[in-house]
Structure formats: structure tokens, C-alpha cells
Amino acid sequence: MSVVAARRTVRKPLKRATREALYGYLTISPWLLGFLVFTIGPIVASIGISLFDTNFMDRWDFVGLRWYTGMVQDALVQKALLNTAYYSFCVVPLSTTVALSIAVLLNQGIKGQGVWRTIYYLPSVVSGVAVALLWRWIYHPDIGLFNSILAWFGIEGPRWVFSEQWAMPSLIIMAAWGSGAAMLIFLAGLRGIPTALYEAAAIDGAGTFRKFFSITVPMLTPTIFFNVVMNIIGTWQVFTQSLVMTEGGPANATLTLVLYIYRKGFQQFYFGYAAALAWLLFAIILVFVLIAINTANRWVVYERV
Amino acid sequence: MSVTTDSLATASRRSPMRPSRLALRVLLYLTVGLGGVIFAIPFYWMIRTAVMPADQIYLFPPEWIPNSLHFENFQTPFKTFPFGRWFLNSGTIASLTVVGVVLSTSLVGYGFARLRFPGRDILFLVVLSTMMLPEQVRLVPTYLLFVKLGWTNTFLPLVVPTWLAPAFYVFLMRQFFMTIPPEMDDSAYIDGCSPLGVYWRIVLPLSLPALGVAAIYAFTFAWNDFLWPLIYLTKVEVYTVAVGLRLYQSTLATDLQALMSAALMSAVPTITLFFVAQRYFVQGIVITGLKG
């Protein structure tokens, strides 16, 4: 009541805006506080910490940029970078293709779409740890699911997570099982394509495949772009799978960048190095996202009908 | 819809093509069905292992159907570790997260969507850009902060940040509030509401779908979270389900049926939530406009 009373008194054309602004800052204050304490503060602190050799207890030695110059020569950093790049470059196209294919198939007026959608999406709601435990068992070289199916066809399967060569492909195949989240986004995107476009194309005599490549794919490019960017960010942060399934092994074949950050910081207590490595991760993600954004205008169709 | 109308149109135009359209249809169902089987088999394998008699699991070649059902395998995880306690811990953390996320982000989202104040648009751009920051950059310094506060082995490091409006949900709320006609606010102002009154009496009751989406996402992410609880919770009795599951990996390595029963039980809450609230998962994508 008092608010309106105040607003209606004579001095107030200006006061209304001021009052609204005050309420504005009041409502966003939880975010502002969180931003200062849990985002900006840590970002600044992280730069500072990365200049020290510290275990956060009795060791606080200033080392300047040594962590940054040293990481170039760290063979495990190179290994982790190569492994994570391998994972990212395989998973992004693979899971995008799988998700897009399923979404397009489910969008063909199929009966029981909800049931199919559930089946394909379900792996995405299960925790990474449970999935990793399950797939470790599925990959069992002798009595696991994969190799027993391969045996039906007379193929002797590899030793999967126990093999230096096959450990990373194992994680990549497992990631494709989690394509359901992206599929759901593609399905929503497909539904957003105006029916009129297909009707017009049908009148012009376009067949199913022509319509797919001339309407569906171009109209879906913004969704594909969004998914690729999110997927790049996500895959470079891969951690749970390699920790639970292989602990980075065998012979560091699945050592990823975030796993290495975790090891250096939280297992070996070189928090300065861990902070510096996190900035390396940030720089890499930034570069790839910028590359994606810069190539976007060549293939992403933004026209709306 | 589109497909039905256009296939009708094409069918009437070229009726001789009909058999091949039928073949395409059959092929479609075969592909979707085969894909569905491939996606479902790992779940079947988990359930089959969880209820199988121990001696049957290690047979070669592996058998698909259990000879008998052994539901007592589901008791083993509870005997080895405080598995029930971990469920309580995860449930507590996830519930507190849901309350915090829903309250804080709806308030902040309301401010960004509805109130005018200097710097609003720039601040909202900041919200969006923090969504892109990998959380590992904040990992080490926030760890130092929480260690200094003496919050390790409590749920506070996991819950408190979620009460301070995580960016993704602010974005989700703001996008939804933008779709509510502002005329509703004006009539409430005329009736004497303050901006907070409008938030509480008008905007929130109209936003139950968005609140539901945020609650479900927040619960799922909190339940499945691994890296943060792994770092902050080091005592077995304060573990979450996701962190605790890892202990079974070594202790139940030779008891696969119990290991799979633990993994299966750990997934029951999020799977149940998905079945109960399936439409909210889809709605979240529509609200945020994630589709592009």
C-alpha cells in the first residue's frame, strides 16, 4: 500500500524509476553476491594461486609464471591434451550424428514416439559413475556383453578398457550412448520448422530426400551449431568416465586434462599447478568455441520464415 | 503433422510409388527398433546381472536369462557401506539445491525480465557469459575458500552456491518470464502491489511450468554430481550416492551382482523423476530456446 501512496505523491515522476531500480538491484542481489563470491572472486584468486607453489597449508612459494612455462615441457600435459583432443574430436561429430539421426527418424510421424524418446533419452538421466561402472562390466574382455556379441559373428573382441589402444575408443563409444540429451534438443528444433515449408516443397514436386536436404538440414543448422558448441565445452571437461573406468590408464591412455588437474591438485597437492592447468583448459575451450563461432556464418542459416 | 500431410500429398500424386513408400516405412521402424534395442541392452545387462545367481554370472559364454531371480543381491550394498545414509545425503543435498535454485533464480530472473534499472542489460550479458566458463577454473580457489571456512565434509559447499542464483537457471527463468504479458503486472501495481508483491502473487503462480523445469534439472544435476562432492566430502558417512558408488568398485569387484544392484538403485530416483515429469524435460528446451 505504502508503495503506491508514495508513488502518487507529488514529487514523484522521477521517484518511480528510482524505486523500480532499487527493487531491481534488490531482486538480482542473490546473483550479484554469488557472482562476486563464487565467480569473479575465484577467477581473480585463481590467477594469484597459479603464481604460487602451494599445498594450501605450510607451502606458499612464489614461482611467478613457472607453472605456465613448465607445462609446455610436462610430458603428461602433452599426453592429456592429445587424449582429450582425441576424445573431443571423435565424440562431438559422433554424438551429434547419432542424436540428429535418431531425432530425424523419430520425427517421421512414427507411432509411439514418446516411448522411443524415453528409451533413447534414459541413459542421459543416469549418473556418470553408475554408467561408468556398468560399461566397465559391459567391456569385460572375456564375459562382457560386447565381446560375447562380437563372438556371435566370429570376431574376437579387443580388451577394451584394459588395452592401451582401445581404452579411449571405449570411452568414446560409451559417450554415444548418452546422445539422448542432444536428441531431445534436435526434436524440439525439428518441431519448430514451419509445416508450410514442406507443403510448398511438395507442391513444387520435391521428394523426401530433397526436402530433407533443402529444408530440414538448413533450418536445423542453428540447433546443430548450438549442440556442437555445448558439446565442445562438455567433452573437453571429460573426467568422471576416465577416473571411474580406468583411472587414466592403461599407461595414461585415458588421462584427460581435467583428470590431470584433479591429480595434480587434489591428490598431489600442487594447487598452483592445478590452477594454471585450469586456465590452459579455459584457453583451449575458448579457442575452439571462437573457431566454431567464426565458421558459423558459412554454414548456419539464420533466416526465419 | 507435417509428415502426415506431405506424405498424403505425395502418395496421391504418385500412386505407383506406394510399395516403395511402404518399404521405406518398414525400414524406418526397423531402424528405430534396432537402435532402441541397442540403447536398451546395457540397461537389460545391468538388471540381468543384478538379479542373477552368482555362479551363473561367470559362465562362458555368458547367459542372457537368469536361471533364478535373486533379489537378495540388492541387500549386499547396504551391508557393505552405509548405502542408505548416502541416499539420505544425496536426497538432502538435491532437495536443498532444488529449493535454493527455484527461490533464488526466480527472484533474479524476475528482476532481469521485469524491472528497469541502470546496467541491467550489461549485467544480463555477464550472466550469459558466465555460463560458458568451465567450472574447473573456479575449482581450486573455491576449494581454498571452503577449506578456510571449515566447510569440508559438510553439505554447505554443495548447497550454498545454488542458493545464490546459478546462471543457467537465471537464464531459464528470465526467458520464461518474458513470455508473461506485462499488463498483468500493471493491474497489480494499480491494486497497490510492490514489485516484490507482483513477483510473489502474479509472476510465480503463472510460472509453475518453468519452476518445475528448474526443479527437475536441479535435482538431476545435484543427484548425479560427482567432481564437487568428491572434493569436499572425504568421510564415508557424508558421501553422496555418486561418490560412494566408487567404493563398491573395489570392495565388490568380485561381487558383480551386488555392484550392478548398487548402480541400478543409485539411478532409480532420477529415472523415476524422468518418468513422472517427462514433459518438463521437453518443456525446458522450449523455454530456453536451446533449440536455436
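In chain A, helix α13 goes past α14(A) in a left-handed crossing. The angle at which their axes cross is roughly 165°, and the axes come within 8 Å. That is over the 145 degree cut-off, so α13(A) and α14(A) run roughly antiparallel to each other. Bear in mind that this is a predicted model; the predictor scores the complex with an ipTM of 0.86 and a pTM of 0.88.

**Helix pair α13(A) and α14(A)**

- On the α13(A) side, the contact uses A:Leu257, A:Val258, A:Tyr260, A:Ile261, A:Lys264 and A:Gly265.
- Facing them from α14(A), a helix that covers residues 271-299, are A:Phe271, A:Tyr273, A:Ala274, A:Leu277, A:Ala278 and A:Leu281.
- Sorted by class, this contact has ten nonpolar residues, one polar and one charged.
- There's good news on confidence here: α13(A), residues 257-267, is where chain A scores highest, at a mean of 96.

**Helix pair α9(A) and α11(A)**

- Elsewhere in chain A, α9 (residues 180-191) and α11 (residues 208-236) have axes that come within 9 Å and cross at roughly 160°.
- With that angle, α9(A) and α11(A) are therefore roughly antiparallel to each other.
- The handedness of this crossing, as α9(A) passes α11(A), is right-handed.
- From α9(A), the residues in play are A:Ala182, A:Ile185, A:Phe186, A:Gly189 and A:Leu190, and they meet A:Leu220, A:Thr223 and A:Asn227 of α11(A).
- The class split for this contact is five nonpolar and three polar, with no charged residues.

**Helix pair α12(B) and α15(B)**

- Over in chain B, α12 (residues 208-224) packs against α15 (residues 256-276) at about 165°, and their axes are 10 Å apart.
- That makes α12(B) and α15(B) roughly antiparallel to each other, too, which means their N-to-C directions give an angle over 145 degrees.
- The crossing of α12(B) and α15(B) is left-handed.
- α12(B) brings B:Ile216, B:Phe219, B:Thr220, B:Trp223 and B:Asn224 to the contact, while α15(B) brings B:Pro269, B:Thr270 and B:Leu273.
- Five of the residues in the contact of α12(B) with α15(B) are nonpolar, three are polar and none is charged.

**Where the two chains meet**

- The interface pairs 84 residues of chain B with 80 residues of chain A.
- On the chain B side, the largest share comes from helix α2(B), residues 18-51, with twelve residues.
- By class, the chain B side of this interface breaks down into 56 nonpolar, 22 polar and six charged residues.

**Domains**

- Chain A is assigned domain 1 (2-49) and domain 2 (75-299).
- Taken over C-alpha atoms, the centres of those two chain A domains sit 40 Å apart.
- Chain B is also split in its assignment, into domain 1 (2-69) and domain 2 (76-288).
- For chain B, the separation between domain centres, again over C-alpha atoms, is 35 Å.
- The contact between the chain B domains takes seven residues from domain 1 and six residues from domain 2.
- On the domain 1 side of that contact, α2(B) and α3(B) (54-57) each supply at least two residues.
- Helix α2(B) gives the largest share of that domain 1 side, four residues.
- The domain 1 side counts six nonpolar residues, one polar and no charged.
- So helix α2(B) turns up twice: it is the top contributor on the chain B side facing chain A, and it leads the domain 1 side facing domain 2 of chain B.

**How far to trust which parts**

- Chain A has a mean pLDDT of 90, with 94% of its residues reaching 70 or more.
- The weak spot in chain A is helix α1(A), residues 2-8, where confidence is lowest, at a mean of 49.
- Residues 1-7 of chain A have pLDDT below 50, and this stretch has seven contacts in the model beyond near neighbours in sequence.
- Chain B averages a pLDDT of 87, and 92% of its residues score at least 70.
- Residues 1-15 of chain B are below 50 in pLDDT, and that stretch has 14 contacts in the model beyond near neighbours in sequence.

Key
Residues numbered from 1 in each chain as written. Chains lettered and ligands numbered in written order. Predicted model: local features only at pLDDT ≥ 70, side-chain atom pairs only at ≥ 80, totals over all residues. Axes fitted to C-alpha atoms, helices over the stretch in contact; angles between N-to-C directions. Parallel < 35°, antiparallel > 145°, perpendicular 65-115°, else oblique. Left-handed = near helix turned anticlockwise from the far one by under 90°. Contact = placed C-beta atoms within 7 Å. Nonpolar A, V, L, I, M, F, W, Y, C, P; charged D, E, K, R; others polar. Domains from an automatic or database assignment. pLDDT = per-residue confidence, 0-100.
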